[in-house]
Amino acid sequence: MVSTYFSYNYISHHLKQSLTRVEQQTDVAREAAYYKANIGKVKTVDDLMKDYRLYHYALKAYGLEDMAYAKAFMRKVLESDLSDAKSFVNKLVDKRYREFAEAFSFSGGIKPVAQSEDQTDETIGLYTATMKKRVDALADDTKYYSAQIGGISSADQLLNNDRLRNYVYSAFGIDQSKWPPDTISQVLRSDPSDPNSYVNTTFASQLPGLNAQLAQAKSDVSATNTKIADYTAQLSQPGADVAQLNVQILVEKYHLESYTKSVSSLGDQIATIGNFVDLAGAFEFSPDGSLPSGVPAQTAANVTLTAKRFDDSKSAVYAAASPLSEALAIRNFRNAILNIKSVQAFVSTPAVYDFALGAVGLDPKTVSQDTVKAVLESDLSNPKSFVYTLKDNRYVELARAFNFDAKGNLTTPLVAQDPAKVLQIAKDYVIAVVKQASPEQQKAVREQAQKDATSYQEAIAGIDSVSELLANQKMVDFILVAKGLDPKKVSTEYLEKIFASDLNNPKSFANTQTDPRFAEIAASFNFDSKGNVARLAMMGPQKQDQFRETQANYLQQSLEQQQGDTNPGVRLALYFQRKAGEITSAYDILADKALSEVFRTTFNLPDSMASMPIDQQAKFVDKFMKIKDLSDPAKVEKLLGRFSAMYDVKNGQSIGQGQSPLLNLFQGSGSGISDSTYLAIAKLRSH
């Protein structure tokens with residue numbers, strides 16, 4: 001028969017072609033097609049387990065075929081909370097069970113929420129920044145006004161400068177929508193001390209009459225309140241005409257409403273006239289709108305007075321930005337957002353509605369709630385959706401900050417990567433860099449790697465597109481290192497092609513590359529065909545990357561099993577090659593029967609070694625093998641070349657005769673390692 005050395009080396013150097021041949025086999029293709037056609041119908045763990053073909057396909061993909069009978073056990077695996085270190089699956093030593101659980105989203109999927117924690121933190125950060133920006137803008141306006149007012153030479157020049165005009169109007173309480181520029185120009189040209197000036201003849205002359213009307217309106221309010229109180233008291237008197245009294249009370253309440261409106265309206269008119277008189281007195285313009293020679297538009301005292309009035313007019317802005325008010329608004333928002341279950345609840349909850357709109361720079365008092373509803377229900381992945389028709393990025397920011405579907409109900413957060421995938425990449429990164437460090441450096445390297453991982457977790461929350469991701473070289477390097485790739489050997493142009501590939505098309509650029517890790521990277525992100533973050537459709541309990549990984553694993557398992565039927569040594573070598581990147585210590589090798597067999601065979605160590613104390617076995621592993629070398633595909637290939645040659649020497653012509661010695665390694669019985677040894681390994685791995 002063909003030697004293990006030759007067979008393994010041929011398959012290793014032609015792995016993609018070998019997998020393609022397996023993929024084209026009738027039975028493999030049939031099962032893959034069935035899985036693809038039916039996994040989308042699965043809604044629960046029961047649905048999966050009741051379909052024999054789906055269930056066995058998934059188990060085989062993760063090397064767990066021999067556990068098909070243990071449905072109660074596997075149910076607990078699938079229903080485990082992957083984020084809970086004490087959950088059932090996380091207590092199991094065998095990593096295959098966690099890998100199997102990670103392939104589905106029965107319990108660990110993202111929950112529909114109005115906001116994720118990251119979104120809430122971002123909204124609060126945006127709110128704080130917006131409040132500060134508004135206060136800073138006021139200071140800039142005052143600085144600009146003080147610097148420019150000395151260069152103004154006429155009333156019209158002042159009014160034609162939008163920024164100066166807006167400053168003056170705010171300071172003197174002038175509503176631009178009610179008063180035309182010509183009116184304000186004439187006020188500016190007036191001399192309040194001249195009874196015949198425009199401001200006096202047109203406005204101040206109205207004050208006596210308005211004050212009299214105001215006094216009468218206030219008197220009417222007082223009298224009406226007295227009547228209402230009198231009629232109300234009569235209701236309880238014996239023999240009272242209750243019906244007639246109630247009519248009279250209603251009439252007086254109607255009068256009261258009218259008189260109250262009059263008081264408010266008259267008060268506004270009087271205040272406006274007072275502002276006009278103050279405005280006229282604050283400037284030095286002549287009746288023709290010019291300035292006397294050498295005279296500035298305002299005296300220094302009036303510039304200071306105008307600035308004070310401007311600040312007073314913006315008191316609400318300063319109050320909202322005060323530490324106390326800001327802290328209160330943030331606390332109320334954090335508490336209230338947890339109870340938001342729909343768009344309607346959002347617009348009906350001031351603590352959320354006002355805060356969210358304020359955070360993006362929108363005024364809750366002027367924006368239509370119907371507009372906000374339509375914005376929040378927009379599909380951000382559709383350039384023709386309502387939010388984009390407004391041509392205002394503030395509304396886009398608002399829509400991105402919350403998670404509602406087209407019907408106004410909760411949906412999942414829009415993120416570039418799911419939290420579970422982010423955690424996995426962070427974990428892989430830490431393992432990858434620590435493996436490359438010397439024992440003396442490992443502590444410091446681990447601490448820095450964990451800081452890098454935290455930075456990645458924070459940064460990925462702000463990524464909205466492929467272009468943003470690839471523009472951040474630090475993040476790209478992090479991802480590549482986590483996948484065991486050398487960033488120096490991967491160009492941005494290459495990654496652009498990978499992310500632009502249609503992962504559902506086997507002939508796409510990503511899917512035709514020799515190294516499948518690049519397609520795995522692309523599949524781990526939630527980018528649509530245009531490179532924007534989107535909510536990608538799930539296939540039942542699996543996301544795109546979970547489905548791809550399951551099918552890829554099934555092919556790999558099929559290849560390894562088929563090779564094992566002919567030559568168990570080839571299967572061992574292929575298995576070690578697949579697992580090498582996950583090995584972080586000698587104990588990972590000793591805890592896996594097949595991996596430990598490869599180790600002993602490679603270095604011609606006796607099987608009796610398995611009965612030694614576990615710490616002594618680990619010393620042997622570290623003596624003969626550098627764990628960090630297992631991250632280098634070339635060194636792994638060299639190692640397995642030695643293994644395959646030694647395997648041929650050790651097994652001679654016995655291969656293929658009787659029971660395969662490999663079956664015990666993969667089926668959990670007849671191990672060369674004692675039960676006590678595995679118990680010791682389990683304890684070591686749990687610490």
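Colleague: Let's start with Asn302: is this residue buried or exposed?

Modeller: In this predicted model, Asn302 has a relative accessibility of 15%, so it counts as buried, since the cut-off is under 20%. Asn302 belongs to helix α15, which covers residues 300–313.

Colleague: And which residues is Asn302 in contact with, once its neighbours within four places in sequence are left aside?

Modeller: Gly281, Ala282 and Glu284 are the contacts of Asn302 on that count.

Colleague: Now to the rings. How is a pair of aromatic rings described?

Modeller: Two values do the job: the distance of the centres and the angle of the planes. Searching the whole structure gives 33 aromatic pairs. Take Phe346 and Phe404: their ring centres are 6.3 Å apart and their planes stand at 75 degrees, so this pair is edge-to-face.

Colleague: Where do Phe346 and Phe404 lie along the chain?

Modeller: Phe346 is in helix α18 (residues 343–347), while Phe404 is in the loop between α22 (393–400) and α23 (419–435), so the pair ties together parts that are 58 residues apart in sequence. Both Phe346 and Phe404 are buried.

Colleague: What about Tyr456 and Phe478: are these rings stacked or edge-to-face?

Modeller: Tyr456 and Phe478 are stacked, with 4.6 Å from centre to centre and 10 degrees between the planes. This pair also links distant parts of the chain, as Tyr456 sits in helix α24 (residues 442–460) and Phe478 in helix α26, 22 residues apart. Tyr456 is buried, at a relative accessible area of 2%, and Phe478 is buried too, at 5%.

Colleague: Which residues form an aromatic cluster?

Modeller: One aromatic cluster is formed by Tyr35, Tyr57, Phe547 and Tyr554.

Colleague: Rings can have charges over them as well. Which ring does the charged end of Arg53 sit over?

Modeller: That ring is Tyr34, and the charged end of Arg53 is 3.9 Å from its centre. You can look at Arg163 in a similar way: Arg163 lies over the face of Tyr144, 4.4 Å from the ring centre.

Colleague: Let's turn to the empty space. How many cavities of 30 Å³ or more does the structure hold?

Modeller: There are three cavities of 30 Å³ or more. The volume of the largest cavity is about 50 Å³. Its lining is made up of Leu469, Leu470, Val476, Ile479, Leu480, Leu495, Phe499 and Ile521. The elements giving two or more residues to this lining are α25 (466–471), α26 (473–482) and α27 (492–500). The largest share, three residues, is from α26.

Colleague: How do the lining residues of the largest cavity divide into nonpolar, polar and charged?

Modeller: The lining of the largest cavity has eight nonpolar residues, no polar ones and no charged ones.

Colleague: And the second largest pocket: how many residues line it, and which lie nearest its centre?

Modeller: The second largest pocket has 21 lining residues, with Arg134, Ala320, Asp354, Asp363 and Pro364 nearest its centre. The space in the second largest pocket is about 690 Å³. Two or more residues of its lining come from each of α8 (117–148), α16 (315–321), α17 (323–337) and α19 (350–359). The most, five residues, are given by α19.

Colleague: What is the split by residue type in the lining of the second largest pocket?

Modeller: Here the lining divides into twelve nonpolar, five polar and four charged residues.

Terms used: Residues are numbered from 1 along each chain as its sequence is written. This is a predicted model: local features need pLDDT of at least 70, side-chain atom pairs count only at pLDDT 80 or more; totals for chains, interfaces and linings use all residues. Side-chain values use heavy atoms; hydrogens and water are left out. On a 1 Å grid over the protein atoms alone, a cavity is a set of points where a 1.4 Å probe fits but cannot get out, and a pocket is an open set with protein on both sides within 12 Å along at least five of seven lines; lining residues have an atom within 4 Å of a point. Grid points are joined across faces, edges and corners, and a volume is the space filled by probe spheres set on the points. Helices (H or I, at least four residues) and strands (E, at least two) are DSSP runs, numbered from the N terminus. Ala, Val, Leu, Ile, Met, Phe, Trp, Tyr, Cys and Pro count as nonpolar, Asp, Glu, Lys and Arg as charged, and the others, Gly among them, as polar. Rings of Phe, Tyr and Trp (its six-membered ring) pair if their centres lie within 6.5 Å; planes under 30 degrees apart count as stacked, over 60 as edge-to-face and the rest as tilted. Buried means under 20% relative accessible area, exposed over 50%, partly exposed in between (1.4 Å probe, protein chains only). A charge sits over a ring if NZ of Lys or CZ of Arg is within 6 Å of the ring centre and within 35 degrees of the ring normal. Contact means heavy atoms within 4.5 Å.
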